[in-house]
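Colleague: Got a minute to walk me through this model? I'd like to go over it piece by piece.

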Amino acid sequence: MLRRLLPLLLLLLLPSAGALPTEQTVLCEAASGLMSDGVRMNERVAWQVNLGPRIPDSPASHALLSSIVENNTTWDIHFDVHPYKNGNMTNLVALYTPSGRTRTDHVVAIAAHYDTRDRAEREVDEANQSLPIPGANDGASGVAVALEMMRLVPQMDLPHPVMIVLFDAEDQGPMPGLEGSRRWADNLTEEEINDIDALILLDMVGDADLNLARISSNSDSVAAPIPALAEAVGLVSGARACDGSVGLDVYQHETVANIIDDHINTQAVGIPSAVIIDHRYGEGASRLADGHWHTLQDTPDKVSAESLSNVARLVELGLRTGAWQVPDPVVDDTPSTEEPERTEDEAIRAPLLMLAVVWASLVLLSVAVVACLLVLRRLRGPPRQRTTWTWDS
Ligand SMILES: [Zn+2]
């Protein structure tokens, strides 16, 4: 009896587990709607390099910032300016709050540094070491992906705000620079810090020979969904992507790299942060310290539309599925002056919840019935030999 009932019980129990953002079915449903455009991002890399080196307070930096403001009018953009050397450094902070949503917490921040290194200290020829680098990968690539998210987020209808932070002065002077992110993070209020669920930093993400390792300095909560996201968009060698293709060897979970970047400064003030970075720039490079990193060879021809697209799709998928967010166990009980709007999602969720409760009760009931039957069988003991009584015996 039990043996016959067991598969049925299992079938009843299986779908009752709640779907997580990183579950394959959830990821693959969202993956079919990804819109990141590699060609567009590649053009944005070339455009930034054509502006000239983006040294803090330079005409190239100002041109870049003005263009971002002009082209993203649906975003609330402000400049975070600090004195630096003989002039200023400027971080750009942009916030998009989906219309109809009043919550200001659960912000997901996408960050990148937009300045480019003032010196090519890894050039072999000493005469070239004091020249500024073009910064196609180291600077422009992260900005290109961040700008692509700025373009797409208003079309995503997310239930939470998204912040874009473009840091200045990450790559100036003796290493590690990281000055822009330090000034921004140190000036945030406790409330502003608590409102940000996760910060995803993008740096050197355009290398045509893209290699993404597991970064040991990343916050666990932000880095946790990366392997599943990478697999879904086809960046894990041999694994099946959502579109059925076999994954490329881009995200290597077994390779661990320790990276000091702007995410260290945001982490230090309490924002869970992770960097996505190519830790070996250039074909055949074995680590960050070889290849084109901090040389005059950091030019647009070393960056590809495909690599930019691969990273952007991973980030976009995380946004669309809520994978970057940390679930909030605390119920928000702040009194609201407005009648809370019942969203379409909630309208569907209520009857679904009822169904789930009824279903769970049925499952429990069947388990109880089977248990009772088993106990009764035990109590009755082994079946007695059937005997027929006659007057003769
Ligand atoms: Zn750099």
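Modeller: Sure, one term to begin with: buried means under 20% relative accessible area, exposed over 50%, and partly exposed in between (1.4 Å probe, protein chains only). This is a predicted model, where local features need pLDDT of at least 70, side-chain atom pairs count only at pLDDT 80 or more, and totals for chains, interfaces and linings use all residues. Residues are numbered from 1 along each chain as its sequence is written, and side-chain values use heavy atoms, with hydrogens and water left out.

Colleague: Glu121 forms a salt bridge with Arg117; is Arg117 buried or exposed?

Modeller: A salt bridge here is a side-chain nitrogen of Lys or Arg within 4 Å of a carboxyl oxygen of Asp or Glu. The closest N and O atoms of Glu121 and Arg117 are 2.8 Å apart, so the pair qualifies. Glu121 is partly exposed at 28% relative accessible area. Arg117 has just 2%, so it counts as buried.

Colleague: And Lys302 with Asp301: which relative accessibility does Asp301 have?

Modeller: Their side chains meet in a salt bridge, 3.2 Å from N to O. Lys302, at 18% relative accessibility, is buried. Asp301 counts as exposed, and its value is 58%.

Colleague: Which residues coordinate the zinc ion?

Modeller: Donors are N, O and S atoms within 2.8 Å of the metal (3.2 Å for Na, K and Ca); water is not among the atoms, so sites may look incomplete. The distances here run from 1.9 to 2.3 Å, and the donor spacing in sequence is D-x32-D-x122-H. The zinc ion's residues are Asp138 (OD), Asp171 (OD) and His294 (NE2).
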